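Subject: Structure handover

Hi,

Here is the structure I promised to pass on. Please open it alongside this email, as my notes follow below.

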Amino acid sequence: MEQTNRPTVIRTVDALREALAPTRRAGQRIGLVPTMGALHQGHRSLMDRARAECDLVVVSIFVNPRQFDRASDLQAYPRTEEADLQLVADAGADLVFAPATEEVYPAGFGAEVRLRGPLVETLEGAHRGSGHFHGVTTVVSKLFNMCRPDVAYFGRKDAQQALVIAQLVRDLDFGIRIETCPTIRDPDGLALSSRNSRLSPSERQRALTIKQSLDVAAELVAGGTTDPETIIAAATQVLSGVSLEYFALVDPQTLEPVSSIDRPVLAAIAAEVGEVRLIDNLTLLP
Ligand code: AMP
């Protein structure tokens with residue numbers, strides 16, 4: 001049965017620590033689901049997984065200015081806190097941590113957590129600029145320190161981000177288990193995204209061709225095509241009314257381009273539909 005109670009909403013780091021102390025003292029498992037709000041069933045799937053595996057589930061809602069490469073995108077990012085709290089309540093999560101920007105980045109804040117290397121430099125790192133992942137690793141490090149969860153849940157929809165976070169945890173010995181959950185889609189295939197609410201009906205139709213391009217690539221690979229160029233050419237042909245940033249076939253762990261497809265490969269795409277930038281990906285199996 002779905003719950004209707006509002007979850008406890010916490011705005012400060014001190015209050016979060018206080019709220020988590022008894023659970024930690026009891027040796028119980030704390031799960032964290034980091035989000036930027038405008039919650040949908042993709043986020044809900046992460047909460048469901050956390051609820052099934054943890055004693056206490058924290059959902060953080062924070063639109064992190066440091067990971068936006070465009071001021072217009074940050075400004076237009078949907079903010080729907082009341083509806084978010086209802087979704088969290090329905091998922092049966094325990095706490096919402098929704099700090100103000102100044103709580104996370106107070107005056108005089110001077111730290112930045114940066115990874116180096118191919119994982120942060122390719123795909124999203126190359127197209128949005130290196131600052132994007134520096135913003136992600138900085139805020140996720142802070143959330144990990146604030147909450148000190150046992151497990152944190154991320155979506156494969158942002159496959160590169162999940163790999164970057166896994167490296168962050170390894171490199172800095174956070175001692176947190178990272179779980180990556182499958183991409184949740186609308187029945188027509190569109191990957192759920194907070195940004196979808198900004199699409200007009202006609203843009204939404206065009207956005208469907210993003211998933212269709214991934215499906216074309218999947219069919220070719222399943223049918224035995226091994227040449228990446230051939231697959232990329234056929235896949236990008238079906239895109240219509242979107243502005244392609246990249247369509248790449250890469251190693252699912254290192255994100256390095258593959259020269260021939262003889263094992264599972266990650267197809268990753270970024271495209272703009274009107275003003276809205278969308279990403280999606282699919283693992284292709286030969
Ligand atoms: P966001 O609020 O967009 O920063 O996303 C918060 C978390 O939800 C990230 O780990 C995302 O990868 C995950 N997520 C976003 N959309 C989906 C989706 N359609 N399916 C599964 N996870 C998702």
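Which order do the strands of the open sheet of 3 strands have, and is their pairing parallel or antiparallel? The order is S7-S8-S9, and the pairing is antiparallel. Please keep in mind that this is a predicted model.

**The sheet of 3 strands**

The edges belong to strand S7 (243–250) and strand S9 (276–284). Each of these two has a single partner strand, so one side of each is left without a neighbour in the sheet. From one strand to the next, the twist averages 10°.

Strand S8 covers residues 265–273 and pairs with S9 over 9 bridges, in the antiparallel sense. To find that pairing on screen, go to alanine 271: its bridge partner in S9 is leucine 278. A helix packs on this sheet as well. That is helix H10 (residues 201–222), which touches S7, S8 and S9. The direction of H10 makes about 20° with that of S9.

**The sheet of 6 strands**

There is also an open sheet of 6 strands. Its order is S1-S4-S3-S2-S5-S6, and here the pairing is parallel. Strand S1 (8–10) and strand S6 (177–181) stand at the edges. Each has a single partner strand, so one side of S1 and one side of S6 are left without a neighbour in the sheet. On average, neighbouring strands of this sheet are turned by 25° against each other, with direction ignored.

S1 pairs with strand S4 (residues 95–97) in the parallel sense, over 3 bridges. Look for valine 9, which stands opposite valine 96 in S4. Helix H9 (residues 159–171) packs on this sheet and touches S5 and S6. The direction of H9 makes about 155° with that of S5.

**The ligand**

Which residues come nearest to the ligand? Of the 17 residues around it, they are His43, Gly155, Asp158, Ile184 and Leu192.

Three polar pairs are worth a look:

- Histidine 43: a polar side-chain atom lies 2.9 Å from an oxygen atom of the ligand.
- Glycine 155: a backbone N or O atom lies 2.9 Å from an oxygen atom of the ligand.
- Isoleucine 184: a polar backbone atom is 2.9 Å from a nitrogen atom of the ligand.

On its own, the ligand has 480 Å² of accessible area, and the protein covers 93% of that. Strand S2 (30–35), helix H2 (41–53) and strand S5 (151–155) are the elements that give two or more residues to the shell around the ligand. H2 gives the largest share, 3 residues. By class, the shell has 8 nonpolar, 7 polar and 2 charged residues.

Best wishes

Terms used:
Residues numbered from 1 in each chain as written. Predicted model: local features only at pLDDT ≥ 70, side-chain atom pairs only at ≥ 80, totals over all residues. Heavy atoms only, no water. Near = heavy atom within 4 Å. Polar contact = N/O pair within 3.5 Å; in protein donor to acceptor, adjacent residues only side chain to side chain. Areas by Shrake-Rupley, 256 points an atom, 1.4 Å probe, with all protein chains shown as cover. Helix = DSSP H or I, 4+ residues; strand = E, 2+ residues; numbered from the N terminus. Nonpolar A, V, L, I, M, F, W, Y, C, P; charged D, E, K, R; others polar. Pairing = 2+ DSSP bridges. Axes fitted to C-alpha atoms, helices over the stretch in contact; angles between N-to-C directions. Contact = heavy atoms within 4.5 Å.
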